[in-house]
2 protein chains.
Amino acid sequence: MTYESVLLALSDPTRRKVFETVAAKPCAVGAIADQLPVSRPAVSQHLKVLSDAGLVHVTVQGTRRIYAARPEGLAELRAYLDRLWGDVLTEFAKEIEKDNPA
Amino acid sequence: MTYESVLLALSDPTRRKVFETVAAKPCAVGAIADQLPVSRPAVSQHLKVLSDAGLVHVTVQGTRRIYAARPEGLAELRAYLDRLWGDVLTEFAKEIEKDNPA
DNA sequence: GCTTACCGTAAGGCATGACTTACGAATCAG
DNA sequence: CTGATTCGTAAGTCATGCCTTACGGTAAGC
C-alpha cells in the first residue's frame, strides 16, 4: 500500500526472488517454491507480505492460486525514490557550486 | 554498493529518516540524533550501514563528521527498479491482451 | 464418496537486527 | 597540559523476522 511497506517487502532476498519470479510470469505457489531453496509455506508467507504491500494479486484457479505482479506497488516506490532523488541532486549541486565558486 | 544493500539500508524506518535528513542537508551525527528519538550511537550505526551501501559519504571537520547523501547509491536502486518495472509492465500488457483478444 | 493435489495458517525454533549504556580515541579551547 | 566536545566501537539486551513441521480446508479425479 505505502512505499514503506513496499521497501520492507523487497528488502528480503528470497522474498525479492519470489516477486521477480511472478514479475517474469504469473505463477502458482508450488511452482515458485520449486525454484527456490525454501519450503512452500515459506513462499506462502512471503506472498502474503507482498500482497499486503500491494505488489502482487491473486486469481483463484481451482485449487491453485496464480500470483501475478501488480504495477501499482512498484509505482509507489518509484515515486518515493524520485522525490528523494530530487533532494539529493539539489544538495549535490549546491556542494559542487560551493567548491567551484562563480 | 549493490542495489540489494541499498534496499536493505532503506528498509528500516529510522535509518531511512537518517538518510532523508542528510539528503535534505549535510549534517553532523549529533545534529541528526537530536531530531530523532534514538541515541547518538544508534545514528552512528545507521550511518555505517548507509555508508556501506554507498548512500552517504563523510567529510571530517575537526572533531565533527559531516555526512552527506551520495547520488550514486540511489541511482543503483533506481536502475534495478526500472528493470523490474519493465518486466512487470510487459506481463501486465500480456494479461490485458488475453482478456481483450484482438 | 474417497483419495489426491494444492494451499493457507498455527506453533515453535533460531538467527538477525536495532537499541541501549559504557568506554576509548581524536580534536579544539582555555 | 587539562578539560570539554564529538564521535566510533564493544558488549549486552530484547524484539522482530524467516524458516521449519504439522494441521485443516477446499477443489478436482476416479
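**View 1. The protein surface around DNA strand D in this predicted model.** DNA strand D is surrounded by 23 residues, and the closest are A:S39, A:H46, B:G30, B:S44 and B:Y67. By residue class, this surface divides into ten polar, eight nonpolar and five charged residues. On the DNA side, 61% of the strand D atoms within 4 Å of the protein belong to sugar or phosphate, and the rest belong to bases.

**View 2. Side chains that reach phosphate oxygens of DNA strand D.** Start with A:H46, where a polar side-chain atom lies 2.3 Å from a phosphate oxygen. For B:Y67, the corresponding distance to a phosphate oxygen is 2.5 Å, and for A:R15 it is 2.9 Å. Chain A gives two or more residues to the surface near strand D from each of α2 and α4 (40–52), while chain B does so from α3 (29–34), α4 (40–52) and β3 (64–69).

**View 3. The open three-stranded sheet of chain A.** Follow the strands in the order β1-β3-β2, with antiparallel pairing. Both β1 (27–28) and β2 (56–61) are edge strands with a single partner each, so one side of each has no neighbour in the sheet. Two bridges join β1(A) to β3 (residues 64–69) in the antiparallel sense; look here for A:A28, which stands opposite A:I66 of β3(A).

**View 4. Helix α2 of chain A against the sheet.** Helix α2 (residues 13–24) lies across β1, β2 and β3 of chain A, and runs at about 90° to β3(A).

**View 5. The annotated span of chain A.** An unreviewed UniProt entry places the feature "domain: HTH arsR-type" at residues 1–89 of chain A. This span is 64% helix and 16% strand, and its end C-alpha atoms lie 27 Å apart.

Technical notes
Residues are numbered from 1 along each chain as its sequence is written. Chains are lettered from A and ligands numbered from 1 in the order in which they are written. This is a predicted model: local features need pLDDT of at least 70, side-chain atom pairs count only at pLDDT 80 or more; totals for chains, interfaces and linings use all residues. Side-chain values use heavy atoms; hydrogens and water are left out. Two strands pair if DSSP finds at least two bridges between them. Helices (H or I, at least four residues) and strands (E, at least two) are DSSP runs, numbered from the N terminus. Contact means heavy atoms within 4.5 Å. Axes are lines fitted to C-alpha atoms, for helices over the stretch in contact, and angles run from 0 to 180 degrees between N-to-C directions. UniProt positions are given in the numbering used here, feature names are shortened, and annotations may be inferred rather than shown by experiment. A residue is near a molecule or strand if one of its heavy atoms lies within 4 Å of it. A polar contact is a pair of N or O atoms within 3.5 Å; within protein, one must be able to donate a hydrogen and the other to accept it, and residues adjacent in sequence count only if both atoms are side-chain atoms. Ala, Val, Leu, Ile, Met, Phe, Trp, Tyr, Cys and Pro count as nonpolar, Asp, Glu, Lys and Arg as charged, and the others, Gly among them, as polar.
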